[in-house]
Amino acid sequence: MTTPNETGTQFEKRCYALLTTFNFNYRVKERVRHSEHYWYEPDAITDEYVFEFKYQQVGGSAKNKLTQALFELDWLANKLSKIPVLVYEGDRLTSFVKNDPAFRKALSFVPHVQVLNSKAFNDLISTSADLNNREQN
């Protein structure tokens, strides 16, 4: 999955490709206003989910953005009536999600936000697609 020189943009493209592979209709970077001049732009919105995709393999600020993403997803889920999902990949983020006490505390305030590594995201999307196909048959 992860390549040594991958970027956040490449990770997002892989996530979009997965959504496409499993026939999810999605909108990218749609502005959802919370006031006249300010908005959030989730990475993807489907009929059922609102997604943020975060990638970080080396040091940087992406881990600091994860906590903000939790609370944005919480707000977006309520506004859009969607299931909020934060998808991450990379050694730094994996360690942060599993070990950072402040992040774990923040997550306890929004327990309905699903925080998934890329493999779990793949499982979620493929399973959801399978369930949708079974319901149609």
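This passage describes the salt bridges, the packing of helix 3 and two backbone positions with positive phi in a predicted model.

The structure is a predicted model, in which local features need pLDDT of at least 70 and side-chain atom pairs count only at pLDDT 80 or more, whereas totals for chains, interfaces and linings use all residues. Residues are numbered from 1 along each chain as its sequence is written, and side-chain values use heavy atoms, with hydrogens and water left out.

Side chains of opposite charge can pair when their charged atoms come close. With a salt bridge taken as a side-chain nitrogen of Lys or Arg within 4 Å of a carboxyl oxygen of Asp or Glu, a search of the whole structure returns 7 such pairs. One of them joins the side chains of Glu89 and Arg14, with an N to O distance of 2.4 Å. Glu89 belongs to strand 6 (residues 83–89) and Arg14 to helix 1 (residues 8–21), so this pair ties together parts that are 75 residues apart in sequence; helices (H or I, at least four residues) and strands (E, at least two) are DSSP runs, numbered from the N terminus. Accessibility is described as buried for under 20% relative accessible area, exposed for over 50%, and partly exposed in between, using a 1.4 Å probe and protein chains only. On this scale Glu89 is buried, with a relative accessible area of 5%, while Arg14, with 27%, is partly exposed.

A salt bridge is also formed between Arg27 and Glu30, whose closest N and O atoms are 2.4 Å apart. Arg27 is partly exposed at a relative accessible area of 37%, and Glu30 is likewise partly exposed, at 27%. Lys54 and Glu52 meet through their side chains in a salt bridge of 3.4 Å, N to O, and both of these residues are buried. In addition, Glu12, Lys29 and Asp43 are joined into one network by salt bridges that share partners.

Helix 3 (residues 91–99) has Leu93, Phe96 and Val97 among its residues, and these three are buried. They cover an arc of only 95° around the axis, given by the directions from the helix axis to the C-beta atoms, which puts them on the same side of helix 3. The face turned away from this buried side carries the exposed residues Asp91, Lys98 and Asn99. The cover over the buried residues of helix 3 includes strand 5 (49–55), helix 2 (62–80), strand 6, helix 4 (101–109) and strand 7 (114–117), where contact means heavy atoms within 4.5 Å.

The axes of helix 3 and helix 4 come within 6 Å and cross at roughly 65°; axes are lines fitted to C-alpha atoms, for helices over the stretch in contact, and angles run from 0 to 180 degrees between N-to-C directions. Phe96, Val97, Lys98 and Asn99 of helix 3 make this contact with Pro101, Phe103 and Arg104 of helix 4. By class, the contact has 4 nonpolar, 1 polar and 2 charged residues, with Ala, Val, Leu, Ile, Met, Phe, Trp, Tyr, Cys and Pro counted as nonpolar, Asp, Glu, Lys and Arg as charged, and the others, Gly among them, as polar.

Most residues other than glycine have a negative phi. Lys29, however, has a positive phi near 50°; this residue lies in the loop between strand 1 (27–28) and strand 2 (32–33) and is partly exposed, at 32% relative accessibility. Ser81, also not a glycine, has a positive phi of about 55°. Ser81 is placed in the loop between helix 2 and strand 6 and counts as exposed, at 65% relative accessibility.
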